[in-house]
Amino acid sequence: MVEHNMTPGSSHNYAREIWQKDKDHHLHPWQLFDSFHEEGAMVMDRAEGAWLYDIDGNRYLDSVGGLWCTNIGQGRSEMVEAVAEQMLKMTYASPFVDMTNAPAAELAAKLAELAPGDLNHVMFSCGGSTANDSAFRLIQYYQNCRGKRNKKHIIARDASYHGSTYVSMSIGGKKADHPPEFDYIRDTIHHISSPNYYRNGDGQSESQYLDFLVDELEQKIVELGADNVAAFFAEPILGAGGVVVPPDGYHQRTMEICKAHDVLYVSDEVVTAFGRLGHWFASKDVFGLQPDIITCAKGITSGYLPLGATIYSSHIHDVISEPGHGRYFSNGYTYSGHPVSCAAALKNIEIMERENLFEHVKDVGQYFEKKLQTLNDLEIVGEIRGVSLMQCVEFVADKSTKAVFPDHIDISKTISAIADKKGLLVRPIINLNVMSPPLIIDKQQIDFVVETLRESIEEATVQLKKEGHLS
Ligand SMILES: Cc1ncc(COP(=O)(O)O)c(C=O)c1O
């Protein structure tokens with residue numbers, strides 16, 4: 001898997017210098033201070049399609065898709081040209097108050113066309129966290145405009161991830177993301193169970209478990225008082241919280257509960273939109289859910305440039321924009337509707353349409369699901385789950401009891417480190433390896449992912465036995 005890149009940037013000294021500068025000056029998201037002091041970061045240098053190359057020229061199949069985002073694959077000259085053209089024409093114009101630009105207007109209209117039902121209005125932001133932050137502020141504004149000033153409480157789920165601003169991190173329910181050194185909003189944000197049947201089903205049938213989950217949401221609304229609850233935030237499939245696919249019917253039933261209690265439903269599609277499950281948006285097309293707000297980012301530009309969008313219903317818009325109140329909407333950013341990011345999104349969407357990419361996703365997605373299931377025979381594989389090109393493998397120390405490995409073993413990192421050496425990137429999250437490859441991945445590459453992952457799990461198993469962690 002080692003290839004040698006002959007560009008000047010690949011020299012050993014240069015690589016070392018970059019590694020050192022990064023270690024000395026760059027604070028990374030989720031940086032683990034203790035090990036970073038020693039190890040620093042892996043320096044990535046170039047990419048092509050689904051492949052990444054590090055600064056020493058080693059090649060990796062990026063089965064993580066960057067961070068669930070490189071949907072159309074890297075290095076497309078058409079994207080570069082669209083971005084360069086827009087930059088030369090006009091790099092920037094303020095989006096504030098009453099000024100706009102053509103790419104932002106075109107993209108807003110396109111998203112309104114692609115999003116389900118009456119989600120006809122769009123607020124742009126810089127990524128997924130700010131898309132959720134903006135959704136939260138929009139909800140406050142909407143509830144206050146309609147005189148429901150007590151509707152302040154938000155319900156979300158354990159193990160959910162919604163971003164890392166103060167608000168979006170507080171809405172998130174992943175315990176591992178809430179170290180005590182940070183503070184969180186605790187009084188108005190509440191978490192109910194992650195719909196993880198494998199981990200939390202506790203001997204119930206799946207339909208009994210579904211009844212429990214739906215009932216739990218309703219009980220929480222009743223406990224807080226429906227007049228005090230503003231919104232429910234949910235990813236259609238919990239991503240970073242473990243690729244958790246809720247039981248069939250969960251989405252519609254939770255939506256009905258929300259509607260019955262006048263609670264807005266926010267579907268966080270930062271990962272699932274733009275083809276990951278073979279559709280523009282998964283809420284309606286995959287799960288039969290019509291939310292009030294969809295937030296998205298990542299695949300909207302396939303990672304070529306930062307962009308987020310909060311797409312919301314005409315019903316909400318009619319309330320907040322009702323004439324005669326002298327209202328103004330003091331939310332947004334310098335880079336909301338940035339013309340270059342929006343031009344990238346428009347070209348990305350055009351490529352997805354022209355190449356009929358979602359038909360390809362349906363084909364390779366099914367293939368990926370089937371192929372990954374072949375790993376079930378491995379001793380430490382507890383569950384393989386996901387939909388289409390959003391998958392994970394959960395590791396257990398004992399298949400029958402589902403016992404987890406102790407934290408210090410860091411099982412997913414042990415396996416991903418072995419895979420790295422074999423030229424495969426998988427994302428380690430606690431006891432899972434997560435995969436969300438670029439949508440352009442082909443069957444041969446999928447075979448490589450699954451075979452390499454098998455070898456890596458087998459090697460890790462031998463290592464664990466040698467160290468006495470497995471009998
Ligand atoms: C479901 C979900 N929401 C929000 C975010 C935050 O997006 P960003 O990192 O672009 O701010 C993420 C990021 O992984 C995500 O997975």
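Is the crossing of H5 and H13 left-handed or right-handed? In this predicted model, the crossing of H5 and H13 is left-handed. The residues making that contact are Pro103, Ala104, Glu106, Leu107 and Lys110 from H5, together with Pro339, Cys342, Ala343, Ala345, Leu346 and Ile349 from H13. Sort them by class and you get nine nonpolar, two charged and no polar residues.

How do the two helices sit against each other? H5 covers residues 102-114 and H13 covers residues 339-354; their axes come within 8 Å and cross at roughly 45°. H5 and H13 are therefore oblique to each other.

Now zoom out to the whole protein chain. It's split into domain 1 (8-72 + 357-466) and domain 2 (78-354), and their C-alpha centres lie 27 Å apart. Where the two meet, 27 residues of domain 1 are in contact with 23 residues of domain 2. On the domain 1 side, helix H14 (357-373) hands over the largest share, five residues.

Next up is the ligand. There are 15 residues around it, and Gly127, Gly128, Ser129, Gly163 and Val270 come nearest. Helix H6 (residues 128-145) gives the most to this shell, with three residues.

Here's how the classes compare in the three places:

| Place | Nonpolar | Polar | Charged |
|---|---|---|---|
| Contact of H5 with H13 | nine residues | no residues | two residues |
| Shell around the ligand | six residues | seven residues | two residues |
| Side of domain 1 that touches domain 2 | 16 residues | eight residues | three residues |

Definitions and conventions. Residues are numbered from 1 along each chain as its sequence is written. This is a predicted model: local features need pLDDT of at least 70, side-chain atom pairs count only at pLDDT 80 or more; totals for chains, interfaces and linings use all residues. Axes are lines fitted to C-alpha atoms, for helices over the stretch in contact, and angles run from 0 to 180 degrees between N-to-C directions. Helices (H or I, at least four residues) and strands (E, at least two) are DSSP runs, numbered from the N terminus. Angles under 35 degrees count as roughly parallel, over 145 as roughly antiparallel, 65 to 115 as roughly perpendicular and the rest as oblique. A crossing is left-handed if the near helix is turned anticlockwise from the far one by less than a right angle, and right-handed if clockwise. Two residues are in contact if their C-beta atoms, placed from the backbone, lie within 7 Å. Ala, Val, Leu, Ile, Met, Phe, Trp, Tyr, Cys and Pro count as nonpolar, Asp, Glu, Lys and Arg as charged, and the others, Gly among them, as polar. A residue is near a molecule or strand if its C-beta atom, placed from the backbone, lies within 6 Å of it. Domain bounds come from an automatic or database domain assignment.
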